[in-house]
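This report covers ring contacts, charges over rings, an annotated domain and a pocket. The structure is shown first.

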Amino acid sequence: MKITGIRTVVVNAEMRNWIFVRVDTDQPGLYGWGEATLEWKTRAVAGAVEDLAPLIIGRDPRDIEQLLRIMQKHGFWRIGVIGTSAVAGIEVALWDILGKSLGVPVWRLLGGKMRDKVKVYTHLGLGQIDAVYNSMSVGPLVERAHEVLARGYTAMKVVFIPYTHYTAPPREIDNVARMMAELRKAVGDDVELMVDFHGRCASVGAALHYIDAIAEGRPLFVEEPLPPQDTDGMRMLAARTHVPLAAGERLVDRWEFAPLFRDRSIDIAQPDLCHVGGFTEARKIAAAAEVAGVGIAPHNPLGPLAGVAALHFDIATPNFVIQEEMAGAVPWYGEVLQGPIRMVDGYWQLPEAPGLGIEIDETVAARHPFKQEILAATEAVLPDGTVVDW
């Protein structure tokens, strides 16, 4: 069996352009799909897929680990998140091919079933961008939380930490405390709440003020309280709070996760299959996390194929905790892909179809061609003009 072609299909979903990757083989009707979505880097990732394709066309798609090493090492330069996202799109498609060729779902190939269903959470507005990032007062926050519960979810993540620099103003601290208290009161104690800091705090002190403000609401975890490069700061935070800390959505391989595991700086690791290079690297990160006593809650605000890949990964991962999804990001989210995801009472059910069990409807995809994404991050500016983390 040989790889005969690799191509991308780009689908605009407002804030993101989803990047689907198709890998064809010389076996009639046997091909695989993956996803390589990376916000605001669409053209770069699609170009990286084109750059990588000549390295592996003509090779056996079932030699996944070997093909990964070729893509990572034969280009000489380290490839960064743009490259690892491109690799992920190809790698996930290779697993899809392998599963189809053997007639089994991918989760079987990853070690088999570790659980009977997969717990998931979503965001306010079910992922609609304005609700996710602009629910910054109690009224809209509580209203949108009730909408999430009405759709059958039992866990949700919120983003109500203000744009921050090195200090946290008292008025903002009090507002964050009030919002967390009202949210917990509104949803009750049986609903899991997560608070995404989005890396907005530039100092340990500022992050601690906000973490202390929400602690009584008993969040499942606080996500990315500091920018991703501040591993020393995360170690300091972990020593000064009992609130579980999560990080990792902007890390791209096991070496970048290693300091967090070594220092026991986090309770939850959040690798994104579409950014770390696919199943193979994500499994190595999860194994390292397990040794360090760290759970796995994969990052995934991306397209529907990324969700399916995460589902297969979660089924087979021993230290899995909970899965992010954003199925309401656009009204037609479920139209471009026919797939196995079925949610019952806040849990995804197990798929049985071979491979990933999906198909991309390229006719629907063509209705939403590439266009410039919404540049939401440009809003991250303080009143004095200082640009801060979004």
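## Aromatic pairs and the pocket

Tryptophan 18 has a relative accessibility of 1%, so this residue counts as buried, the limit being under 20%. The model is a predicted one. Tryptophan 332 is buried as well, with a relative accessible area of 13%.

Which kind of aromatic pair do tryptophan 18 and tryptophan 332 form? The structure holds nine aromatic pairs, and this one is edge-to-face, with 5.5 Å centre to centre and 65° between the planes. Tryptophan 18 belongs to strand β2 (residues 16-25), whereas tryptophan 332 sits in the loop between β11 (323-324) and β12 (337-338); the pair therefore ties together parts that are 314 residues apart in sequence. Ring pairs also bring in Phe20 and Tyr333, which are linked with Trp18 and Trp332 into a cluster.

Another pair is formed by tyrosine 133 and tryptophan 390, whose ring centres are 4.7 Å apart; their planes are at 40°, so the pair is tilted. This pair, too, links distant parts of the chain: tyrosine 133 is in helix α5 (residues 129-133) and tryptophan 390 in the segment after α14 (362-366), 257 residues apart. Both tyrosine 133 and tryptophan 390 are buried.

The ring of tyrosine 31 has charged groups over it. Arginine 22 lies over the face of this ring, and the charged end of lysine 100 sits over the ring of tyrosine 31 as well. The distances to the ring centre are as follows.

| Charged residue | Ring | Distance from ring centre |
|---|---|---|
| Arginine 22 | Tyrosine 31 | 3.7 Å |
| Lysine 100 | Tyrosine 31 | 4.6 Å |

An unreviewed UniProt entry places the feature "domain: Mandelate racemase/muconate lactonizing enzyme C-terminal" at residues 138-244. Over residues 138-244, helix makes up 49% of the chain and strand 11%. The C-alpha atoms at the two ends of residues 138-244 are 24 Å apart.

Next comes the open space in the model. Rolling a probe the size of a water molecule over the atoms shows where empty space is left. The largest pocket has a volume of about 570 Å³. Which residues that line the largest pocket are the closest to its centre? They are Glu39, Trp40, Glu249, Arg250 and Trp390, out of 27 lining residues. By class, the lining of the largest pocket is made up of 12 nonpolar, 11 charged and four polar residues. Trp390 thus appears in two settings: its ring pairs with that of tyrosine 133, and Trp390 is among the residues closest to the centre of the largest pocket.

Definitions and conventions
Residues are numbered from 1 along each chain as its sequence is written. This is a predicted model: local features need pLDDT of at least 70, side-chain atom pairs count only at pLDDT 80 or more; totals for chains, interfaces and linings use all residues. Side-chain values use heavy atoms; hydrogens and water are left out. Rings of Phe, Tyr and Trp (its six-membered ring) pair if their centres lie within 6.5 Å; planes under 30 degrees apart count as stacked, over 60 as edge-to-face and the rest as tilted. Helices (H or I, at least four residues) and strands (E, at least two) are DSSP runs, numbered from the N terminus. Buried means under 20% relative accessible area, exposed over 50%, partly exposed in between (1.4 Å probe, protein chains only). A charge sits over a ring if NZ of Lys or CZ of Arg is within 6 Å of the ring centre and within 35 degrees of the ring normal. UniProt positions are given in the numbering used here, feature names are shortened, and annotations may be inferred rather than shown by experiment. On a 1 Å grid over the protein atoms alone, a cavity is a set of points where a 1.4 Å probe fits but cannot get out, and a pocket is an open set with protein on both sides within 12 Å along at least five of seven lines; lining residues have an atom within 4 Å of a point. Grid points are joined across faces, edges and corners, and a volume is the space filled by probe spheres set on the points. Ala, Val, Leu, Ile, Met, Phe, Trp, Tyr, Cys and Pro count as nonpolar, Asp, Glu, Lys and Arg as charged, and the others, Gly among them, as polar.
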